[in-house]
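Please look over the sequence and the model shown below, and then work through the questions that follow.

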2 protein chains.
Amino acid sequence: MVQNEKITINDIARRTGLSKGTVDRVLHNRGEVSRKSYARVMEAIQELGYEPNIFASLLAKGKKHLIAILLPAHESGTFWDLAVSGIALTTDSVTSAGLETKLFEYDQYDIDSFRSAGAAVLEAEPSGVVLAPMFQEATTALTEQFQERGIPYCFIDSRPDTNGYLAYFGMPLHKSGYLCADQLTRGQDVSSVLIIRVRRDRYQQSDPTVNRRSGFLDYMLEHAPECKIDNVFIDPNDPAGIDQVLESFFAGHPDVHHIVMFNSRIHLVVPFLRSHPDPERRVVGFDNLKANMEALRDGTVSVLICQRPEEQVRLAIEALAEHAILGKLPARKDHFMHMDILTRFNVEDY
Amino acid sequence: MVQNEKITINDIARRTGLSKGTVDRVLHNRGEVSRKSYARVMEAIQELGYEPNIFASLLAKGKKHLIAILLPAHESGTFWDLAVSGIALTTDSVTSAGLETKLFEYDQYDIDSFRSAGAAVLEAEPSGVVLAPMFQEATTALTEQFQERGIPYCFIDSRPDTNGYLAYFGMPLHKSGYLCADQLTRGQDVSSVLIIRVRRDRYQQSDPTVNRRSGFLDYMLEHAPECKIDNVFIDPNDPAGIDQVLESFFAGHPDVHHIVMFNSRIHLVVPFLRSHPDPERRVVGFDNLKANMEALRDGTVSVLICQRPEEQVRLAIEALAEHAILGKLPARKDHFMHMDILTRFNVEDY
DNA sequence: AGAGCTTCCGTGTCCGTGCACGATTTTTTC
DNA sequence: GAAAAAATCGTGCACGGACACGGAAGCTCT
């Protein structure tokens, strides 16, 4: 594999009897080359197996590629906080490969803030964009702009039904619900399960928990059809209300020991669970938020199912970088991340 | 964060009134610089916040760094096969950053083949080496050579008690045994467990399973002290013998439903288990070998605990690359990988 | 004081590619 | 068929750094 003799653009020039300027024009499809010369150059490139020297190229053009990352504001301890931390994973290995990343944030409950953040992205003229589709139509409107300008973009977390994206990195949602059900009930005779849900803001269009819930219910139908499934709704911004809701539910259902929540906010109900211990209880939630992992350590939560959002971001950035610098397309479009099972016994080195 | 004006070596030269040649000598500690000039240059570098342009550097010196990877031969379907596949993960993002990887293989049961592979590595004059310590003294002898020549090296999988390595990437072994026990027995009243072991070749010095077993036993002592633990030994090269050993064991112990194996070869006993079904059985093994994952899919194995050997290799190579190219030391020396829990429900996208 | 040595430093070339500019050839136009 | 326009091509510098080479200055020694 040791490529001793590096073929350069000059070798091609000499071989074809043309100049490196012409070869360069061919390489970049910049026109102003006769059909005949073009063919000769292409032939020589094939024969000699020419590969451009990226360093020389990057050095000469001096241009830094900008990868824009468009995500909901990463308030500390939220899911998006995890995603943002994935940006740092690339700065060493790839920023050093001539590109720069810039984070654009918006309020995930305010569609206007999304629109203006999108406008800011366009203004920055990035070579690629990583984004999570929160507002469906607004996202489509934005990606259409990307298409027009030839800006490639990758989705993470979830994915709309459009088709122009370069790649997608996310969790198989339906399967994650299935896995979740197995972790919650396997090996036990479960007669009743409680699903805790969050009332969605009407602006929030894209909701991954829908698919998870359906995977969960499919599993239960197959493995424990007689199991009763209750739902309660909580408001994330009203801690007292959460306690109240749960209090009244368990007053009426003291026999329910299995609890599940399909978004990343299981930590919201942890205070209640801590103050109402139940040795038979089993709780499954999603995503490795700090607060969730804390609850895993002390045993309040039994299992967390995690999707490595940092990896999703890292891989998306790398895919865009390879596209921008080397012009490569990813092998596949859709990349489903592994679903990690976290328990108190393997939470430490995560 | 947009570094508009890139500071170059020429800026430093102009600022200090010296020439770029001198600045270069300072940057590389190549001597032939007066104390005074040295100080002035260092000061200017600080003030202006100079950072070398890696592309220009790589281009100018033209030298490709070689990262040697020294591992047991990766016969298809073995643990080392997984590790080797991690090499490919770096070729896109990092080979494009000016380095080349080369795999050196040896027979893990033949210490002489290890020695000669080590000699081959030295001869190749690599900028860094990734290796797994199989033979203790021979490994130490080799790493001492690395030290003498200033070649940095990283351990993966396990780690000797020496101290000269750049970084280590591996699984927390004791914890993995602990986790294993929990996955095997949690939520059930287990009265008896079978550990299947492989007789070690006498040359094989480094044995990660020892620590795993001790973690396992610690868990059992804490959580199920009255549980009986049996051991049987099998010979990997004698399939008929394996069947025989298990046959006779289960003839005498029909009440044992929980089986564990601390190395990657649970697949060796899968044929027997398949032909002797037991609905109450629970089996836990290690590592995502193809055959193991197959057994997970069909339910013969309940859980696999995996350590992402590809990631270990990738991270080790990246650490060495950063050291070779940028001169950076990794933030920590010891990196414990997460222990992944695989069940039939999350094996697909692994 | 001049030869011989160190020590220190500047100049210049090269790495491989991008691109602007101008030169040359071919084609079009009248 | 000459002038004008278009198509095609070559030259040369720039990017930022590595390193060889040779020159200047200071020192020691006879």
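Q: In what order do the 6 strands of the open sheet in chain A follow one another?
A: In this predicted model, the sheet of chain A is an open one, and its strands pair in parallel. Neighbouring strands are turned against each other by 15 degrees on average when direction is ignored. Read across the sheet, the order is β2-β1-β3-β4-β5-β11.

Q: Which strands of chain A stand at the edges of the sheet?
A: A strand at the edge has a single partner strand, so one side of it is left without a neighbour in the sheet. In chain A this holds for β2 (99-106) and β11 (334-336).

Q: Which residue of β2(A) is the bridge partner of A:P72?
A: Strand β1 of chain A covers residues 65-72 and runs parallel to β2(A), to which 8 bridges join it. Within β2(A), the bridge partner of A:P72 is A:Y106.

Q: At about what angle does helix α7 of chain A run to β4(A)?
A: Helix α7 of chain A, residues 136-149, lies across three strands of that chain, namely β1, β3 (128-131) and β4 (153-157). Relative to β4(A), the helix runs at about 150 degrees.

Q: What kind of axis relates chain A to chain B?
A: A turn of 180 degrees, with a shift of 0.1 Å along the axis, lays chain A on chain B with an RMSD of 0.2 Å. The same surface serves both copies, since 98% of the contact residues of chain A recur in chain B. The relation described by this turn and shift is that of a two-fold axis.

Q: Which residue of chain A comes closest to the rotation axis?
A: Judged by the C-alpha atom, the closest residue of chain A lies at 2.4 Å from the axis, and that residue is A:F55.

Terms used: Residues are numbered from 1 along each chain as its sequence is written. Chains are lettered from A and ligands numbered from 1 in the order in which they are written. This is a predicted model: local features need pLDDT of at least 70, side-chain atom pairs count only at pLDDT 80 or more; totals for chains, interfaces and linings use all residues. Side-chain values use heavy atoms; hydrogens and water are left out. Two strands pair if DSSP finds at least two bridges between them. Helices (H or I, at least four residues) and strands (E, at least two) are DSSP runs, numbered from the N terminus. Axes are lines fitted to C-alpha atoms, for helices over the stretch in contact, and angles run from 0 to 180 degrees between N-to-C directions. Contact means heavy atoms within 4.5 Å. Copies are superposed by least squares on the C-alpha atoms of residues with pLDDT of at least 70 in both.
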